[in-house]
Amino acid sequence: MHIVILETASDIGSYAGDLILRGVAAGTLRTLGVATGSSPLSIYKSLEHRWTPALGALSAFALDEYVGLPPDHPESYSAVIRREVTGRLRLDPARVHVPQGNAPDLAAACRDFEDAITAAGGIDLQILGIGRNGHIGFNEPTSSLASRTRVKTLMSATRMDNSRFFADEQQVPRHCVTQGLGTILEAREVLLVAQGAAKAEAIARAVEGPVSSMCPASALQLHPRATVVIDEEAARQLTLRDYYRYVQENPVDGSGAQ
Ligand code: F6R
């Protein structure tokens, strides 16, 4: 894994924004996997200020959605993606896909979502945040490392963390639809971003711990092109952080690639 330690959320947003704009300009990035939550917001804001027509031509696939929230609920992920991604990046809404949390047949909707990713030629770059329990998407601990898009039950710790977006914890749905770990691992490149001390333990387990479904983000160790961009606080429990900084300052080929 390529670990990059930066100072501020805005530095993380610019770094990730540069990576995306480079891929878009080179024609290697046509389909972007997008996450909701607080962590990736600085990426979308950074891209909004550096918009290009090629960026606006991207297709996008969201990671997850709550089950049972009406799509016009301001905290449904389809609403969040409309606001933070489709709006800021000026994407064509017809090319932005969010898993359906209200379909009468959720299993069929999950299969359709996987088929839509395949029809788009796969995801070129998947943006990810990480939960304090190590989840990516809403793949909670013990998710199969080979899982596909499916319905999951949220852990109470996740519902508590996400209650900041709702009036109270009781309003946070109990179920969600999420891309699986197998789905995420098929993206051609993955980029995980995290900020703050609350994420330090999850980052250490994901990067330096054993690959285990108890920390779903550790599955990214199996990905050949995974970059983790974090601030100092989130890096605090990494035992090899001096080495990562040294690598950052002495890149192999001058471009930062590992
Ligand atoms: C959101 C998602 C989640 C979040 C994670 C961190 O689409 O898939 O895995 O990335 O819960 O959320 P924040 O960034 O709000 O701390």
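This passage describes the ligand site, the nonpolar cores and several individual residues of a predicted model. Residues are numbered from 1 along each chain as its sequence is written, and side-chain values rest on heavy atoms, with hydrogens and water left out. Because the model is predicted, local features need pLDDT of at least 70 and side-chain atom pairs count only at pLDDT 80 or more, whereas totals for chains, interfaces and linings use all residues.

The ligand is a good place to start. Its surroundings comprise 14 residues, the closest being Thr36, Ser39, Asp64, Gly137 and Lys199; a residue is near the ligand if one of its heavy atoms lies within 4 Å of it. The shell divides into 3 nonpolar, 8 polar and 3 charged residues, where Ala, Val, Leu, Ile, Met, Phe, Trp, Tyr, Cys and Pro count as nonpolar, Asp, Glu, Lys and Arg as charged, and the others, Gly among them, as polar. Polar contacts to the ligand are pairs of N or O atoms within 3.5 Å. In one of these, an N or O atom in the side chain of Thr36 lies 2.7 Å from a ligand oxygen. A polar side-chain atom of His135 is 2.7 Å from an oxygen atom of the ligand, and for Gly137 a polar backbone atom lies 2.7 Å from a ligand oxygen. Taken alone, the ligand exposes 410 Å², of which the protein buries 93% (accessible areas by the Shrake-Rupley method with a 1.4 Å probe; for residues, only the protein chains shown count as cover).

Attention now turns to the interior. The largest nonpolar core (buried Ala, Val, Leu, Ile, Met, Phe, Trp, Tyr and Cys residues joined through side-chain atoms within 4.5 Å) has 32 residues, and Leu192, Ile203, Ile230 and Leu238 have the most contacts inside it. Here buried means under 20% relative accessible area, exposed over 50%, and partly exposed in between, with a 1.4 Å probe and protein chains only. At least two residues of this core come from each of β1 (2-6), α5 (106-119), α7 (181-185), β9 (190-194), α8 (200-208) and β10 (226-231); helices (H or I, at least four residues) and strands (E, at least two) are DSSP runs numbered from the N terminus. Helix α8 supplies the largest share, 5 residues. Apart from this core lies another, of 29 residues, including Tyr44, Leu58, Val96 and Val98.

The buried residues of α8 are Ala200, Ala202, Ile203, Ala204, Ala206 and Val207, and they pack against β1, β9, β10 and α9 (241-249). Leu192, leaving out residues up to four places away in sequence, touches Ile203 and Val229, among others, with contact meaning heavy atoms within 4.5 Å.

Two buried threonines follow. Thr183 belongs to helix α7 and has a relative accessible area of 7%, so it is buried. Beyond its neighbours within four places in sequence, Thr183 contacts Glu114, Ile117, Ser147, Arg148 and Thr149. Thr31 sits in strand β2 (residues 31-34) and is buried at 3% relative accessibility. Its contacts, not counting residues up to four places away in sequence, include Leu58, Phe61, Ile123 and Leu125.

Finally, two loop residues deserve a look at their backbone angles. Arg90, in the loop between α4 (77-87) and β5 (96-97), has a positive phi near 50° without being a glycine. Thr142, in the loop between β6 (125-128) and β7 (150-153), is likewise not a glycine and has a positive phi of about 80°. With a relative accessible area of 55%, Thr142 is exposed.

Methods. Polar contact = N/O pair within 3.5 Å; in protein donor to acceptor, adjacent residues only side chain to side chain.
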